[in-house]
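Visitor: Please show me the model, and let me ask on what grounds each description of it rests.

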Amino acid sequence: MAGRFEKQPILISGAGRGLGEGIAKHLASEGAIIGIVDIKGQSAMEVAEAINDAGGCAYSYGADCGSRAAFMEAAQDFASDAGPLRAVINNASVLVYEPIEAVTEETLDTMLSAGLKSVFWGVQAFLASRDEDAPGNILNYSSPVAYRGRPNTGAYTTIKAGIAGLTKVLAGELGPRGIRVNAIAPGSVPTPATEGFVTPEQYEQRAKNIPLRRNGTVEDVAQAAAFLLSDEASFINGAMLAVDGGIIAAG
Ligand SMILES: NC(=O)c1ccc[n+]([C@@H]2O[C@H](COP(=O)([O-])OP(=O)(O)OC[C@H]3O[C@@H](n4cnc5c(N)ncnc54)[C@H](O)[C@@H]3O)[C@@H](O)[C@H]2O)c1
């Protein structure tokens, strides 16, 4: 498979399903060597197998990305398997919507660890295992909720707003080292994460309120993410790209 990312090792957190799986398969179809790291090692292995069966190249690592040591080790293993890293995609997340009084210490720790600490460790893992002779890329998955105050999304919104802020900080901090740092804000895309929180009827209702009158797809997000990682975006740094059919713009 040939394409814009020919033989580039790209590590993706939480790529065992959902949007992470989508970008993994898309980048593999454009020639990237994919490292899939997910707390569910079996899911990571299955996605890697599917990519390899389709003629691409992928490796899988079962690891908790909220653990610095585990994420660093997975990145080192991937660099040994595939060569020094060209990019990391910080996609892992645990989604829970609930009223503020219902948030327990356990839920908050799990969400912060999977969704926010993992971004710090992903960046550190990338810096430790990156290809110093090539431009680098960090892509973080934020959300339209970072711009708004939707009730019952306290923990999730805090994490996604934190990622939006960290992306800007790192664009300034790492830009001089030839590393672009951007974020993506996917809007209303049915994935396994949203089952149980958004019903099919609610998705239908959402589509009526989205300016483009439909929900997003995994491939919509993968294409936009691939653009940000590509040389076509070589002067884009510190951006938050909305892939949401116009939700953020129209309110
Ligand atoms: N689906 C949407 O509509 C939407 C909208 C906005 C933003 N996002 C963001 O996109 C990203 C992917 O979302 P999704 O809907 O595909 O989610 P998902 O829950 O389907 O997938 C998340 C993956 O992360 C893995 N994971 C969880 N904790 C982990 C940990 N500690 N270490 C390693 N892996 C871990 C899970 O096993 C799972 O495979 C998330 O950052 C999410 O916040 C999604």
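Visitor: What makes α4 a kinked helix, and where is the kink centred?

Guide: The kink in α4 is about 40° and is centred on Ser 118. The bend at a residue is defined as the angle between axes fitted to the seven residues ending there and the seven starting there. This is a predicted model, in which local features need pLDDT of at least 70 and side-chain atom pairs count only at pLDDT 80 or more, while totals for chains, interfaces and linings use all residues. Residues are numbered from 1 along each chain as its sequence is written.

Visitor: How do you know what α4 should span?

Guide: The expected span of a helix is 1.5 Å times one less than its number of residues. For the 25 residues of α4 this gives 36 Å, and the end C-alpha atoms lie 33 Å apart, so the two values agree. Helices here are DSSP runs of H or I with at least four residues, strands are runs of E with at least two, and both are numbered from the N terminus.

Visitor: Which residues of α4 are called buried?

Guide: Among them are Met 111, Leu 116, Ser 118, Trp 121 and Phe 126. Ser 118 is thus both the centre of the kink and a buried residue. A residue is buried if 20 or more other C-beta atoms, placed from the backbone, lie within 10 Å of its own. The cover over the buried residues of α4 includes β1, α3, β4, β5 and α5.

Visitor: Why is Leu 139 called buried?

Guide: Leu 139 has 24 other C-beta atoms within 10 Å, and therefore counts as buried. This residue lies in strand β5, residues 136–141. Beyond its neighbours within four places in sequence, its contacts (C-beta atoms, placed from the backbone, within 7 Å) include Ala 87, Ile 89, Ile 184 and Leu 228.

Visitor: What makes the radius of gyration of the protein agree with that of a compact globule?

Guide: The radius is taken over C-alpha atoms, and the globule rule is 2.2 Å times the number of residues to the power 0.38. For 251 residues the rule gives a value near 18 Å; the protein has 17 Å, so the two agree. Buried residues make up 46% of the 251 residues.

Visitor: Which residues come nearest to the ligand?

Guide: Of the 31 residues around the ligand, Gly 14, Gly 18, Ser 93, Thr 191 and Ala 193 come nearest; a residue is near if its C-beta atom, placed from the backbone, lies within 6 Å. The elements giving two or more residues to this shell are α1 and α4.

Notes. Buried ≥ 20, exposed ≤ 12 C-beta atoms within 10 Å, placed from the backbone. Contact = placed C-beta atoms within 7 Å.
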